[in-house]
Amino acid sequence: MTDKGHRSVFMLTLIFWLFVDDGQAKTVSGFLTTNSAKETMGQYIAGFYFHGETAEIQYTVNMTNIGGASVYLYLDEDWQEAKETTNCLHKLQMARLNNLFENRTGRWSVTHFVRPRLWHLVYADAFTCDKGRPIIPLEQPVYISYEIKMLNPDSLGYPANHFGGDEAGLFRFYQILLITYFVLGCIYIPRVYETIKKGGPMDFVIRLLSAALCLQASAAVTILIHLRSYSIDGYGSPMFELLSELLDLTSHFVMLYMLLSLSLGWALGHSYRPTRTSLSKIRETSATRIVIFIGILQGMSFLWEQYEQQEQRMYHLHRSYAGISLAIARLLLAAIFMSHLRNVISSERSALKRDFYNSFTKCCMVWFLCSPLVVLMSLLLSPYLRFKLITTGVVLGQCIAVFMLYRLFLSRSLYWEVSALSSYLPLRMDKSFGSKYYS
């Protein structure tokens, strides 16, 4: 491998480790220190959606008989209020449960509710609220080495399920999704391959659509690997989880380029191949500059969101200002495509081409609007259902959009006719090219 290749691999690895945070695992380990607990009036450990009568917490520590070393459990609404208080003792008194480290290993039960509830685990000891005791110097730390497992009951009622109430069922969902990808791939890959091999007006578009679909499937594979590992040890593979989100983002950019090319008429010519001349002309248009700017904004929002969030989760546009800005960017993209396609439809006389443009517009809107709309719908549900609805809704929405586009582009009754007459589309870069086939 060349020096340039080594540098690229090093930079990618550095980016992965920079944004991967082990704090999202539901088997957590580390050190509980008096200093940290005293500085923040309780050292935060993790949050977890417990459900079921046999849900429990299992712990392992390196020492016992530590003065007042305890884990306090807060319900989410209590914790949000406790974070705002400045009275240390009052903050600890707001906890619903208080469990002491009595042995090196042990387990604590969690209060059962009808629906899954989010609990927050916070560590404190006898010195946490002792204002008269100074903070221990960092060169002489006092700490407890720990490992804590948060478990829900499995199908047999045993506390062995690492998935919280907000994640239950996602592993099975991705299994079914990959099986569906495999079955449909076996059915349609030969037809798509023959279409690409023959060339024609849809060749370049179907290549881009296939690339986006492969990236989607790869994202599903990597997240399934993470969930499989997570179901075993509660740690999972944060590297694969972040890789899955990067693959999904790349798929979004490929779809963006394809939809932009189609909506502005750049890729509808016969046997279209992008050249340096055509690409340089594309970059000169104001619409392309806007889309490039929004694409850069999406990338920056993604990095900002990963840096800001403690939990590396896909499809969490509603959880931070970075995610909200990313959703707004996608809405702006949808508005740009809608504007261009509406102009095409309003000026078109052919009923066949109007049907094509209408179908294409629907596919574009499904792709770009599924994420913001699902997020808005999730606000009507209980908190533990939101993440599952957003994840499944966005994935299914994108899959439906890709399937609709495949049907549209493989339909010779629509796409072949529109492609042959593509010179009528606005902002056509080489009008003589399309008119040659129209004549």
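In this predicted model, strand β4, which spans residues 70–75, pairs with strand β7 through six bridges. The two strands run in the antiparallel sense. Within this pairing, Leu 73 is placed opposite Leu 121 of β7.

Strand β7 also pairs with strand β2, which covers residues 43–50. Seven bridges connect β2 and β7, and this arrangement is likewise antiparallel. Here Phe 50 lies opposite Arg 117 of β7. Strand β7 itself comprises residues 117–124 and is mostly covered. Of its eight residues, seven are buried, that is, under 20% relative accessible area.

A separate part of the analysis concerns pockets. The second largest pocket has a volume of about 730 Å³. Its lining is made up of 26 residues, and those closest to the centre of the pocket are Tyr 181, Leu 184, Gly 185, Leu 213 and Tyr 406. Three elements, α5 (170–198), α6 (203–233) and α12 (383–409), each give two or more residues to this lining. Helix α5 provides the largest share, with 14 residues.

By residue class, the lining of the second largest pocket consists of 21 nonpolar, three polar and two charged residues. Tyr 181 and Leu 184, both among the residues closest to the centre, belong to a nonpolar class, because Tyr and Leu count as nonpolar. Gly 185, also among the residues closest to the centre, is polar in this scheme, because Gly is grouped with the polar residues.

Technical notes. Residues numbered from 1 in each chain as written. Predicted model: local features only at pLDDT ≥ 70, side-chain atom pairs only at ≥ 80, totals over all residues. Heavy atoms only, no water. 1 Å grid on protein atoms, 1.4 Å probe; cavity = no way out; pocket = protein on both sides within 12 Å on 5 of 7 lines; lining within 4 Å. Points joined across faces, edges and corners; volume = space filled by probe spheres on them. Helix = DSSP H or I, 4+ residues; strand = E, 2+ residues; numbered from the N terminus. Buried < 20%, exposed > 50% of the residue type's maximum accessible area, 1.4 Å probe, protein only. Pairing = 2+ DSSP bridges.
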